[in-house]
Amino acid sequence: MDRQYDALSIRELGAGAGFRRPTQAQAAKVSIESPALEVMTDLRRTTPATIRPQAPLGGSNQFMITRGVRLLLVVDEREDVLGVITATDILGERSMLVATERGMRRDELTVADIMIPAAQVEVIALPDVAAARVGHVLETLRRAGRQHALVVDFDDIPSGRPLTPPGRRAMVHGIFSLSQIARQLGVSVTIGGEVARTFSEIGAAIR
């Protein structure tokens, strides 16, 4: 190594330091005719907020607040997606019903008690999104009565056997959030409000 390299300056970190997180570019303003991909959070660019199933329910809500999200992917130690949990699941009647059924206090519940299992999570295929408009996404969320939707593509998994076709593994590629879509449409909505009210506010603003 012929070239000589000078050492870089070193200093103390100091108390109260934070750390950077991946961020997606500032969301652009859209209309209902804009491409749907413009309102999708792309997980190739933004690291999703995840949580383990054994995490306490109360802590998961605080984690959502810290990350500025209202949906968490529930994953295991291999990073396989086990399900999803939303702020509505935590703060709404779902958690109270589960606690009552099990004879527990709500603060004794874990994420696994409340999450929607992966087998029950309805998703949208990425090719369908690529050809869609924002209006299509809004109508999909409205009919489902939900604040969020996951977008998936697929990885091929080698079968390991000759002449046997590969399997497919679903991969969460993106997330649609009703509140984010509203912000990009320039609509002021009540965060954490009912889905029907949110759609009413969006509809009134874009007519």
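**Note on a predicted model: sheet, hairpin, pocket and helix H7**

1. In the hairpin formed by E3 and E4, five residues stand between the strands, and glutamate 79 adopts a positive phi near 70°. The structure discussed here is a predicted model. Glutamate 79 belongs to the loop between E3 and E4. Its positive phi occurs in a residue other than glycine. Most residues other than glycine have a negative phi. With a relative accessibility of 49%, glutamate 79 counts as partly exposed, because the partly exposed class ends where exposed begins, over 50%.

2. The two strands of this hairpin pair in the antiparallel sense, and five bridges join E3 and E4. Within this pairing, leucine 72 has isoleucine 85 in E4 as its bridge partner.

3. On its other pairing, E4, which covers residues 81-86, runs antiparallel to E5 over two bridges. Here valine 84 is bridged to isoleucine 116 in E5. Helix H1, residues 57-67, packs on the sheet and touches E2, strand E3 (71-75) and E4. The direction of H1 makes about 130° with that of E3.

4. The sheet as a whole should be described as open, with four strands in the order E2-E3-E4-E5 and mixed pairing. Its edges are strand E2 (50-51) and strand E5 (116-117); each has a single partner strand, so one side of each lacks a neighbour in the sheet.

5. Is threonine 46 buried or exposed? Threonine 46 has a relative accessible area of 14% and is therefore buried, since the cut-off for that class is under 20%. The residue lies in the loop between strand E1 (40-42) and E2. Threonine 46 is separated from aspartate 80 by 34 residues in sequence and by 18 Å in space, C-alpha to C-alpha.

6. The second largest pocket merits a separate comment. Its space amounts to about 510 Å³. A total of 22 residues line this pocket, and those closest to its centre are Leu73, Val81, Ala170, Met171 and Val172. Which strand gives the most to the lining of the second largest pocket? That strand is E8, with five residues. At least two lining residues come from each of E3, E4, strand E7 (148-157) and strand E8 (167-177). Sorted by class, the lining of the second largest pocket comprises 15 nonpolar, three polar and four charged residues.

7. Helix H7, residues 178-185, is largely enclosed by the rest of the structure, because seven of its eight residues are buried. The buried residues of H7 are Leu178, Ser179, Gln180, Ile181, Ala182, Gln184 and Leu185. After H7 comes glycine 186, with a positive phi near 80°.

8. Two positive phi values are thus reported in this note. One belongs to glutamate 79, near 70°, in the hairpin of E3 and E4. The other belongs to glycine 186, near 80°, which follows H7.

Key. Residues numbered from 1 in each chain as written. Predicted model: local features only at pLDDT ≥ 70, side-chain atom pairs only at ≥ 80, totals over all residues. Heavy atoms only, no water. Pairing = 2+ DSSP bridges. Contact = heavy atoms within 4.5 Å. Axes fitted to C-alpha atoms, helices over the stretch in contact; angles between N-to-C directions. Buried < 20%, exposed > 50% of the residue type's maximum accessible area, 1.4 Å probe, protein only. 1 Å grid on protein atoms, 1.4 Å probe; cavity = no way out; pocket = protein on both sides within 12 Å on 5 of 7 lines; lining within 4 Å. Points joined across faces, edges and corners; volume = space filled by probe spheres on them. Nonpolar A, V, L, I, M, F, W, Y, C, P; charged D, E, K, R; others polar.
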